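Here's a walk through one protein model, taken piece by piece. Have the sequence and the 3D view open as you read.

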Amino acid sequence: MSFNKDQNITGLPVLQDNIIWLWVKNKSVVVVDPAIAEPVIHWIKKRDLDLFAIFQTHHHEDHIGGTQKLINEWPDVKVIASEREKKRIPFQNISVKDGDTINVLNKKFKIIEVIGHTNSHISFYSKDFHNPILFIGDTLFSGGCGRIFEGTHEQMFKSLKRISLLPIDTIIYCAHEYTKSNLQWALEISPNDSLIKEKLLEVEQKINSNKLTIPTTLKEEMNINLFLKAKNLKEFSYLRAKKDNWA
Ligand code: ZN
Ligand code: FE
């Protein structure tokens, strides 16, 4: 478990490879994509904190699976999700769309829609932290990007381009710990890339000492993430297809 003191954001690894992010301010907690509820309830109660809000990036079960139980436990919790997902994220009580700014515990978050993995996936971006932060869900992973289930390759490529225009020191909180296999794949595509090689070693060390390999930064990803580095849609599509068929 990693605890970034500076930003007060902790990653809770659950299920196979999901990471639930918990941001604490004073006595309040904001949780991002609660795949399951029990570890979150335990974590919050153990510290004598309260759940204030839930950010939902998209409708997949491994992101909303714990939400109902959290609502049962904290009936006043704000559940923030895309207004286009009222059916698939039915428990939302604050509905947002691309470009909206919401105020949560006195920090502003901008909603950036990033279509591709699903057709209404959103991300939560804030400049009100020491470094800008981005909760990106399943759109970008360290060394990789989300599978395109509902959107088109073009939409996903555009979503990643939008992300790449954020400040370079943005800290990116992804929803899965896929970094190692992403980098192993990337090295098969670019066997001589010294930055990817270096990063893979660093990631293996972290995993060996039981640490998370995320969050990552935009700066880091611009160096090692082949999908972010793709120059055009054709290159992006080629990489995505390669990755989809990779064992
Ligand atoms: Zn997903
Ligand atoms: Fe997921």
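Let's start with one histidine. His117 counts as buried, because its relative accessibility is 4% and the cut-off for buried is under 20%. Keep in mind that this is a predicted model. His117 sits in the loop that runs between β9 (107–113) and β10 (122–126). Its side chain makes a polar contact of 3.4 Å with the side chain of His58, and it also reaches the backbone oxygen of Arg147 at 2.8 Å. Leaving aside residues up to four places away in sequence, His117 touches His58, His60, Asp138, Gly146, Arg147, Ile148, Phe149, Glu150 and Met156.

Some of those neighbours come back straight away at the metals. What holds the zinc ion (ligand 1)? His117 does so through NE2, together with His58 (NE2), His60 (ND1) and Asp138 (OD), at 2.2 to 2.3 Å. Both His58 and His60 are buried. Along the chain, the zinc donors follow the spacing H-x1-H-x56-H-x20-D.

The zinc ion (ligand 1) has company: the iron ion (ligand 2) is 3.1 Å from it, and Asp138 coordinates both. The protein donors of the iron ion (ligand 2) are Asp62 (OD), His63 (NE2), Asp138 (OD) and His176 (NE2), which lie 2.1 to 2.4 Å from the metal. Here are the two sites side by side.

| Metal | Donor distances | Angles among the four donor atoms | Geometry |
|---|---|---|---|
| zinc ion (ligand 1) | 2.2 to 2.3 Å | 87 to 176 degrees | irregular |
| iron ion (ligand 2) | 2.1 to 2.4 Å | 83 to 167 degrees | irregular |

Why is the zinc site called irregular? Its angles among the four donor atoms run from 87 to 176 degrees, and a tetrahedral label needs all angles to lie between 85 and 135 degrees, so that label doesn't apply. For the iron ion (ligand 2), the angles of 83 to 167 degrees likewise go with an irregular site.

In sequence, the iron donors are spaced D-H-x74-D-x37-H. Two of them link distant parts of the chain: Asp62 is in helix α2 (residues 61–64), while His176 is in the loop between β14 (171–174) and α5 (179–189), 114 residues apart. Asp62 is partly exposed, with a relative accessible area of 23%. His176, on the other hand, is buried at 3%.

Now for the cysteines. How many disulfides does the structure hold? The count is zero. The closest cysteine sulfur to that of Cys145 is in Cys174, 11 Å away, which is too far for a bond. Cys174 is in no disulfide either, with the sulfur of Cys145 as its nearest. Cys145 is buried, with a relative accessible area of 5%, and Cys174 is buried too, at 0%.

Next, turn to helix α1 (residues 38–46). Which of its residues are buried? Val40, Ile41, Trp43 and Ile44 are. Looking down the axis of α1, these buried residues fall within an arc of 165 degrees, so they line one face of the helix. That fits the general pattern: an α-helix has 3.6 residues a turn, so residues three or four places apart point the same way. The face of α1 turned away from the buried side carries the exposed residues His42 and Lys46. The cover over the buried residues of α1 includes β2 (9–14), β3 (18–25), β4 (28–32), β5 (50–55) and α3 (67–73). After α1 comes Asp48, with a positive phi near 60 degrees.

A few other backbone spots deserve a look. Leu15 is not a glycine, yet has a positive phi of about 50 degrees. This leucine lies in the loop between β2 and β3, and Leu15 counts as exposed at 52% relative accessibility, the cut-off for exposed being over 50%. Asn106, again not a glycine, has a positive phi of about 65 degrees. Asn106 lies in the loop between β8 (101–104) and β9 and is exposed, with a relative accessible area of 67%.

Finally, look for the cis peptide bond that joins Ile214 and Pro215, where omega is about 10 degrees. Pro215 has its place in the loop between α6 (194–208) and β15 (216–217).

Definitions and conventions
Residues are numbered from 1 along each chain as its sequence is written. Chains are lettered from A and ligands numbered from 1 in the order in which they are written. This is a predicted model: local features need pLDDT of at least 70, side-chain atom pairs count only at pLDDT 80 or more; totals for chains, interfaces and linings use all residues. Side-chain values use heavy atoms; hydrogens and water are left out. Donors are N, O and S atoms within 2.8 Å of the metal (3.2 Å for Na, K and Ca); water is not among the atoms, so sites may look incomplete. Four donors count as tetrahedral if all angles lie between 85 and 135 degrees; four count as square planar and six as octahedral if opposite donors are over 155 degrees apart and all others between 65 and 115; anything else is irregular. Buried means under 20% relative accessible area, exposed over 50%, partly exposed in between (1.4 Å probe, protein chains only). A disulfide is a pair of cysteine sulfur atoms within 2.5 Å. Helices (H or I, at least four residues) and strands (E, at least two) are DSSP runs, numbered from the N terminus. The arc is that of the directions from the helix axis to the C-beta atoms. Contact means heavy atoms within 4.5 Å. A polar contact is a pair of N or O atoms within 3.5 Å; within protein, one must be able to donate a hydrogen and the other to accept it, and residues adjacent in sequence count only if both atoms are side-chain atoms.
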